[in-house]
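Hi,

Here is the structure I promised to pass on. Have a look at it first, and then read on for my notes.

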Amino acid sequence: VLDWTLEYSFMHNDGVDPYAPGDPVGNDYLVKVDGVSAQNYDIEFMNGELHVVKRPVSLKWTTPKTFEYNGAVQGVDFEKADNDYADDSVMKYLTVTGSTGEDVNSYSATATLSEAGAMKYLITGAVYQWNITKKAATVTANNNTISLGNEPKDAGYTPSGFVSGDSVGTV
């Protein structure tokens, strides 16, 4: 017959300080169990281990991976999964680089944590590859009519699809 009044305690390896939520990453604690007794068993209680690890936070990039060139600065953005600890927002530790671009190119947006944030959080989805691709444009030669035996002259052209500020002479 077992008497199940099992009790757990979590103590720092020094055997004095109990675990408290928010204790620093890297601290190890003893998991002690006690309180079970049985008429037919001599129960030995063995300590377990509790390891405090970084809190995982996942970034979800919310913009498309491909933009068409439009002559303006374009960029990507993200939202984070809600996994802050208490009132300590991971956002105050984040810096994002490579999240904006203007010209046709491949870009890499990268979220990094400050030293203080890296001690508490582990970011997944921190790198996002994205592109600005070429915009389709046309240059159509203008129609021209000449009389037999004459040399053709430049009749000009008609551009279309260029963004404001760009022209055949500036691209």
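Below is what turned up, starting with charges and ending with aromatic rings.

One thing to keep in mind before you load it into anything: this is a predicted model.

**Salt bridges**

The count comes to 3 salt bridges. Two of them share a residue, D88, so let me start there, with a cut-off of 4 Å between a Lys or Arg side-chain nitrogen and an Asp or Glu carboxyl oxygen. D88 pairs with K92, and their closest N and O atoms are 3.1 Å apart. D88 also meets K120 in a salt bridge, at 3.2 Å from N to O. This second pair links distant parts of the chain: K120 sits in the loop between helix 1 (115-118) and strand 11 (121-124), while D88 is in the loop between strand 7 (78-80) and strand 8 (94-97), 32 residues apart. Through the shared partner, D88, K92 and K120 are joined into one network.

How buried or exposed are the members of that network? D88 is buried, with a relative accessible area of 10%. K120 counts as partly exposed at 37%, and K92 as exposed at 57%.

The remaining bridge is E68 with K135, where the closest N and O atoms are 3.5 Å apart. Here too the pair links distant parts of the chain, with E68 in strand 5 (residues 66-68) and K135 in the loop between strand 12 (127-133) and strand 13 (138-141), 67 residues apart. E68 is partly exposed, at 43% relative accessible area, and K135 is also partly exposed, at 33%.

**Around A136**

A136 lies in that loop between strand 12 and strand 13. With a relative accessible area of 62%, A136 is exposed. What does A136 touch, leaving aside neighbours within four places in sequence? The contacts are E68 and G161, and E68 is the salt-bridge partner of K135. For a distance to check in your viewer, the C-alpha atoms of A136 and S160 are separated by 9.0 Å, with their positions 24 residues apart along the chain.

**Nonpolar surface and core**

On the outside there is a nonpolar surface patch of about 670 Å², made by L6, Y8, F10, Y19, Y41, I43 and F45. Y41 is a handy one to click on: it is found in the loop between strand 2 (28-38) and strand 3 (48-51), and counts as exposed at 60% relative accessibility.

On the inside, the largest nonpolar core has 20 residues. L59, W61, V76, I123 and W130 are those with the most contacts inside it. Strand 4 (55-61), strand 10 (105-113), strand 11 and strand 12 are the elements that give two or more residues to this core. If you want to follow one of these residues, try I123: not counting residues up to four places away in sequence, I123 touches V57, L59, V90, L94 and L113.

**Aromatic pairs**

A search of the whole structure finds 6 aromatic pairs, and I looked at two of them in detail. W61, which we just met in the core, forms an edge-to-face pair with F78, at 5.2 Å centre to centre and 65 degrees between the planes. W61 lies in strand 4 and F78 in strand 7, so this pair ties together parts that are 17 residues apart in sequence. Both rings belong to buried residues: W61 has a relative accessible area of 11%, and F78 comes in at 14%. Ring pairs also link W61 and F78 with Y128 into a cluster.

The second pair is Y93 with Y121. Why is this pair of Y93 and Y121 called tilted? The ring centres are 6.1 Å apart and the planes are at 40 degrees, so the pair is tilted; the edge-to-face label needs over 60 degrees, and stacked needs under 30. Y93 is in the loop between strand 7 and strand 8, whereas Y121 is in strand 11, and the two are 28 residues apart. Y93 counts as buried at 10% relative accessibility, and Y121 counts as buried at 2%.

Cheers

Methods: Residues are numbered from 1 along each chain as its sequence is written. This is a predicted model: local features need pLDDT of at least 70, side-chain atom pairs count only at pLDDT 80 or more; totals for chains, interfaces and linings use all residues. Side-chain values use heavy atoms; hydrogens and water are left out. Helices (H or I, at least four residues) and strands (E, at least two) are DSSP runs, numbered from the N terminus. Buried means under 20% relative accessible area, exposed over 50%, partly exposed in between (1.4 Å probe, protein chains only). Contact means heavy atoms within 4.5 Å. Patches are made of residues with over 30% relative accessible area and no salt bridge: like charges are joined within 9 Å, nonpolar side chains (Val, Leu, Ile, Met, Phe, Trp, Tyr) within 5 Å. Accessible areas come from the Shrake-Rupley method with a 1.4 Å probe; for residues, only the protein chains shown count as cover. A nonpolar core is a set of buried Ala, Val, Leu, Ile, Met, Phe, Trp, Tyr and Cys residues joined through side-chain atoms within 4.5 Å. Rings of Phe, Tyr and Trp (its six-membered ring) pair if their centres lie within 6.5 Å; planes under 30 degrees apart count as stacked, over 60 as edge-to-face and the rest as tilted.
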